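Hi everyone, thanks for making time this morning. I'd like to walk you through one structure, so please have the picture open while I talk.

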Amino acid sequence: MQQTLSIIKPDAVKKGVIGKIIDRFECNGLRIAAMKKLRLSKDDAAKFYEVHKDRPFFKDLVEFMSSGEVVVMVLEGENAVVKNRELMGATNPKEAAAGTIRADFADSIDANAVHGSDSDENAKIEIAFFFAKREIF
């Protein structure tokens, strides 16, 4: 079984759609192996998104991700990384296919409801950022 990281971002948490998003994962064969609700500090958000530090959107991304509570999860299942990315939809919700999480719950390319690991390698790094091995079941 493959694992991936999913984050329900501050915009979706504020809208009260956590349960609806989790339902999408579970109804599509992804099991929640770990989950917690937290608020990222600006330093934590900057460390997590460090790969984007030279991109023009980095500062706004850090501000946004530290602006409110998030729900971080380890999702597990067959081809979890790919399945999660399919369920999320395109980064820009205007380009996301109907029925995807971003098409249904995101407001903009910045406030796009969810984050998901883009590879198995990055999933391992991202999961370790948020969870100790003893927290994943």
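Let's start with the aromatic rings, where Phe48, Tyr49, Phe129 and Phe130 are joined into a cluster by ring pairs. Keep in mind as we go that this is a predicted model. A search through the whole structure turns up four aromatic pairs. One of them is Phe129 with Phe130: the ring centres are 4.9 Å apart and the planes sit at 75°, so this pair is edge-to-face. How exposed is each partner? Phe129 is partly exposed, at a relative accessible area of 32%, while Phe130 is buried, at 9%.

Now to the charged side chains. As a reminder, side chains of opposite charge can pair when their charged atoms come close. How many salt bridges does the structure hold? There are seven, and I'll show you three of them.

Please find Arg24 and Asp104, which form a salt bridge with their closest N and O atoms 2.6 Å apart. This pair links distant parts of the chain, because Arg24 belongs to helix H2, residues 18-27, and Asp104 to helix H6, residues 101-105, which puts the two 80 residues apart. Both ends are partly exposed: Arg24 has a relative accessible area of 21%, and Asp104 has 38%.

The next one is Arg31 with Glu76, where the closest N and O atoms are 2.9 Å apart. Arg31 is in strand E2, residues 31-39, and Glu76 is in strand E3, residues 69-77, so the salt bridge ties together parts that lie 45 residues apart in sequence. Look at the two ends here: Arg31 is partly exposed at 39%, whereas Glu76 is buried at 17%.

Those two strands come up again in the third example. Glu69 and Lys37 meet through their side chains in a salt bridge, at 3.2 Å from N to O. With Glu69 in strand E3 and Lys37 in strand E2, the pair ties together parts 32 residues apart in sequence. Glu69 is partly exposed, with a relative accessible area of 39%.

Let's go back to helix H2 for a moment. Which of its residues are buried? They are Ile21, Ile22 and Phe25. Seen down the helix axis, these buried residues of H2 fall within an arc of 100°, so they line one face of the helix. Turn to the other side of H2 and you'll find Lys20 and Cys27, which are exposed. If you'd like the geometry behind that kind of pattern, an α-helix has 3.6 residues a turn, so residues three or four places apart point the same way. After H2 comes Gly29, with a positive phi near 85°.

Helix H5 can be read in a similar spirit. Its buried residues are Ala80, Val81, Asn84, Leu87 and Met88. Around the axis they cover an arc of only 130°, which puts them on the same side of H5. And what do they pack against? The buried residues of H5 pack against strand E1 (2-8), H2, E3, H6, E4 and helix H7 (120-130). H5 is followed by Gly89, and its phi is positive too, near 90°.

Gly89 also leads us to Thr100, a residue in the loop between helix H5 (80-88) and H6. Is Thr100 buried or exposed? At 9% relative accessibility, Thr100 counts as buried. Leaving aside residues up to four places away in sequence, Thr100 touches Arg24, Glu86, Leu87, Met88 and Gly89. You'll recognise Arg24 there as the salt-bridge partner of Asp104.

Last stop: backbone angles. Most residues other than glycine have a negative phi, and most peptide bonds are trans. Two residues are worth finding on your screens with that in mind. Asn79 has a positive phi of about 50° although it is not a glycine. Asn79 lies in the loop between E3 and H5, and at 54% relative accessibility Asn79 counts as exposed. The other is Ala113, where phi is near 75°, again a positive value in a residue other than glycine. Ala113 sits in the loop between H6 and strand E4, residues 114-116. How accessible is Ala113? Ala113 is buried, with a relative accessible area of 0%.

That's my tour, so thanks for listening, and I'm happy to take questions.

Technical notes: Residues numbered from 1 in each chain as written. Predicted model: local features only at pLDDT ≥ 70, side-chain atom pairs only at ≥ 80, totals over all residues. Heavy atoms only, no water. Phe/Tyr/Trp six-rings, centres within 6.5 Å; stacked < 30°, edge-to-face > 60°. Buried < 20%, exposed > 50% of the residue type's maximum accessible area, 1.4 Å probe, protein only. Salt bridge = Lys/Arg side-chain N within 4 Å of Asp/Glu carboxyl O. Helix = DSSP H or I, 4+ residues; strand = E, 2+ residues; numbered from the N terminus. Contact = heavy atoms within 4.5 Å. Arc of directions from axis to C-beta.
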